[in-house]
Amino acid sequence: MLFDTHAHYDAPEFDQDRDALLARLPEQDVSLVVNPGCDPASSRAALELAGRYPFLYAAVGWHPENCAPYDGSLDGIRELAQAPRTVAIGEIGLDYYWEENPPRELQRRVFRDQMALAQELGLPVIVHDREAHADALAVVRAFPGVRGVFHCFSGSAEMARELAELGWMISFTGVLTYKNARRALEAAQAVPMDQIMIETDSPYMAPVPVRGRRNHSGNLCHICQRLAEVRGISYEECARITLENGKRFFSIP
């Protein structure tokens with residue numbers, strides 16, 4: 001059975017067939033999914049979905065692309081974070097890729113504040129890091145009591161090793177299946193297997209052979225197969241290990 005540790009089923013791309021798609025996931029060998037929020041509204045939507053499907057869990061937080069309304073208060077996120085189906089603070093982090101994103105200093109402030117909240121509540125964090133590796137690592141180092149995962153990992157093998165030494169997890173998407181995936185493949189080889197998770201980042205990042213289409217958790221098998229090949233283990237072993245890693249990280253029984 002597979003664990004999709006990052007999928008956005010509250011996204012509008014699923015409005016037409018969300019329930020039908022989610023209902024089919026157990027038949028596609030997907031046993032668990034974590035749906036991270038991107039702001040208070042999507043975090044509430046993630047929790048609502050998690051309340052309807054026993055295999056679905058939520059994470060709550062401000063995504064760096066969506067954090068411009070942040071006024072310094074995390075009361076709403078704190079309340080959502082204490083719901084029984086919430087397993088992490090996320091998706092949080094830094095995104096320096098798009099010029100139109102909120103100012104970098106605001107992103108760093110919101111990231112730090114949410115790391116402090118995770119430390120307060122004893123929850124792990126799901127970190128988004130795009131073109132912001134040095135600053136993201138600096139924030140991580142400032143909170144040694146917080147454990148987390150860099151989702152859709154895009155850094156170097158050296159960065160992956162440093163995060164692993166800090167006790168963090170690394171999560172890989174369909175990028176592993178792409179022809180230009182050299183950095184991702186090197187990182188996947190560098191990290192201890194017990195610190196690796198897999199994800200679809202649905203509806204984005206669809207793997208080969210369905211690249212370019214709307215992604216969903218049923219495509220996680222392609223990512224698991226590629227990771228198994230990279231690590232020289234069987235598909236079944238890779239599925240078992242990444243499932244156990246995800247359950248341990250998110251404290252799911």
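So, β4 and β5 first: these two strands pair in the parallel sense, over five bridges. Keep in mind as we go that this is a predicted model. If you want one pair to click on, take L94, whose bridge partner in β5 is D129.

On to the other neighbour of β4. Strand β3, residues 56–60, runs parallel to β4 and is joined to it by three bridges. Here A59 is a good place to look, with A88 as its bridge partner in β4.

How many of the residues of β4 are buried? Ten of the ten, so β4 is largely enclosed by the rest of the structure. For β5 the count is five of the six residues, and so this strand is largely enclosed as well. For anyone colouring the strands by side chain, a general reminder: in a regular strand the side chains alternate between the two faces of the sheet.

While we are on β4, have a look at the backbone. The peptide bond from G90 to E91 is cis, with omega near 20°, and E91 is found in strand β4 itself. There is also a cis bond from V208 to P209, again with omega near 20°. P209 sits in the loop between β8 (196–198) and α8 (220–231).

Now, the nonpolar core. In general, nonpolar side chains tend to be buried together in soluble globular proteins. In our model the largest nonpolar core has 62 residues. Which residues have the most contacts inside it? They are I89, M115, V125, F150, F153 and L163. Let me zoom in on F153. Leaving aside residues up to four places away in sequence, F153 touches M159, A160, L163, I170, S171, F172 and A187. Apart from that core lies another one, of 15 residues, with Y57, V87, F249 and I252 among them.

Next, let's turn to empty space. As a general idea, rolling a probe the size of a water molecule over the atoms shows where such space is left. In this model the largest pocket holds about 1000 Å³ of space. Its lining is made by 34 residues, and H128, R130, C152, D201 and M205 are the ones that lie nearest the centre. What is the mix of residue types in the lining? There are 14 nonpolar, ten polar and ten charged residues.

Our two strands come back here. β4 (86–95), β5 (125–130) and α7 (182–190) each supply at least two residues of that lining. The largest share, three residues, comes from β5.

Before I stop, two backbone angles to check on your screens. The phi of D29 is positive, near 70°, and this is a residue other than glycine. You will find D29 in the loop between α1 (18–24) and β2 (30–36). Is D29 buried, exposed or partly exposed? Its relative accessibility is 28%, so D29 counts as partly exposed.

The other residue is S251, also not a glycine, with a positive phi of about 55°. S251 lies in the segment after α9 (235–250). With a relative accessible area of 53%, S251 is exposed, the cut-off for that word being over 50%.

If you open just one view afterwards, I'd suggest β5: paired with β4 over five bridges, and giving the largest share of the pocket lining. Thanks, everyone!

Notes. Residues numbered from 1 in each chain as written. Predicted model: local features only at pLDDT ≥ 70, side-chain atom pairs only at ≥ 80, totals over all residues. Heavy atoms only, no water. Core = buried A, V, L, I, M, F, W, Y, C linked by side-chain atoms within 4.5 Å. Buried < 20%, exposed > 50% of the residue type's maximum accessible area, 1.4 Å probe, protein only. Contact = heavy atoms within 4.5 Å. 1 Å grid on protein atoms, 1.4 Å probe; cavity = no way out; pocket = protein on both sides within 12 Å on 5 of 7 lines; lining within 4 Å. Points joined across faces, edges and corners; volume = space filled by probe spheres on them. Helix = DSSP H or I, 4+ residues; strand = E, 2+ residues; numbered from the N terminus. Nonpolar A, V, L, I, M, F, W, Y, C, P; charged D, E, K, R; others polar. Pairing = 2+ DSSP bridges.
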